[in-house]
Amino acid sequence: MKNLWLFLSRYNAIFWFILFFAIALAFVVSNNSYQRASFLNSSNVVVGSFYKQVNSWKSYLALADANEKLAEENVLLRQQVQNLLQADTNSQEVHIVDSIEQGRYTFIIANVANNSVHQKSNYITLDKGSNDGIEPGMGVITSNGIVGIVLNTSAHFSSVRSLLHPDSKVSVTLDSSAVFGSLVWGKNIDPRYAMVQDIPNHIKVKKGEKVFTSGFSLFPAGIQVGEIVETGITSGESFLDLKIKLSTNFSNLNHVYIVKDLLVKEKQQLEATNEDNG
């Protein structure tokens, strides 16, 4: 208390000046219309700038929540698009088959907890696990393309074998034809690219042509995988390989969607009877 009193005593002239200046300013502003208008305009500018900065900070802090909401909306939109793609046909016979497919897939949002890109065998860790209904064998996609396949799960996490893994293989089809091939990634390939193998060499393909999932693997049909950047690669007398640029940017993965096939067990059980009979 003594130090405070000494401080006030030493600088009392400054405090008195500030007090009198404030009183004089108040009198000038209150008794003169021009000064009052100028003061109000200036104060509005200062206050407006302050609130603008505060709102900017609030918006920045709310980005995480906004991203979560956008991801949830993307899941709903993807579900609707998938249903429309499966139902879009003029053939009554095909429509009967597609009516089974409609609503076959559901999508679960997950965040990437860990990701490797430049290893010989790359894996991804997601923040959803068995408690969220995730099971090994489920496909993982983004809004731009495919990511990989769920390999193992714990209660709260899942490990994904990335598409950037030499053991990954996905059935794909070309945009201009109905032929099917296998999308693979080699150990020494740039993570931005992959190869499509087993394309018959009589098929004419061109650079820039898009590649999609065929629906014969764990992924729904029609998901864009990438586009062809190199065509003159032969892998034998009957087949050729295509180099494609992947749609998925594996160096910048945040939100992903885990694909749950509601009919996968029925399909697997039926195919198992074929092996038993064989």
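Among contacts in the protein chain between residues at least 6 apart in sequence, what percentage join residues at least 24 apart? The figure comes out at 58%, with a contact counted when heavy atoms lie within 4.5 Å.

A word on the ground rules: this is a predicted model, where local features need pLDDT of at least 70, side-chain atom pairs count only at pLDDT 80 or more, and totals for chains, interfaces and linings use all residues. Residues are numbered from 1 along each chain as its sequence is written, and side-chain values use heavy atoms, with hydrogens and water left out.

Overall, the protein chain holds six helices and twelve strands; these are DSSP runs numbered from the N terminus, helices being H or I with at least four residues and strands E with at least two. Of its 278 residues, 30% are buried, meaning under 20% relative accessible area with a 1.4 Å probe, protein chains only. About 17800 Å² of the chain is exposed, and carbon and sulfur atoms account for 56% of that area (Shrake-Rupley method, 1.4 Å probe).

Now to strand β4, residues 146-153, which pairs with β3 as well as with β5. Pairing here takes at least two bridges found by DSSP between the two strands. With β3 (residues 139-141), the arrangement is antiparallel and runs over three bridges, and G139 sits opposite I149 of β4. A hairpin of four residues links β3 to β4.

On the β5 side (residues 158-162), β4 again pairs in the antiparallel sense, this time over five bridges. There, V150 has V160 in β5 as its bridge partner, and a hairpin takes the chain from β4 to β5 through four residues.

Methods
Buried means under 20% relative accessible area, exposed over 50%, partly exposed in between (1.4 Å probe, protein chains only).
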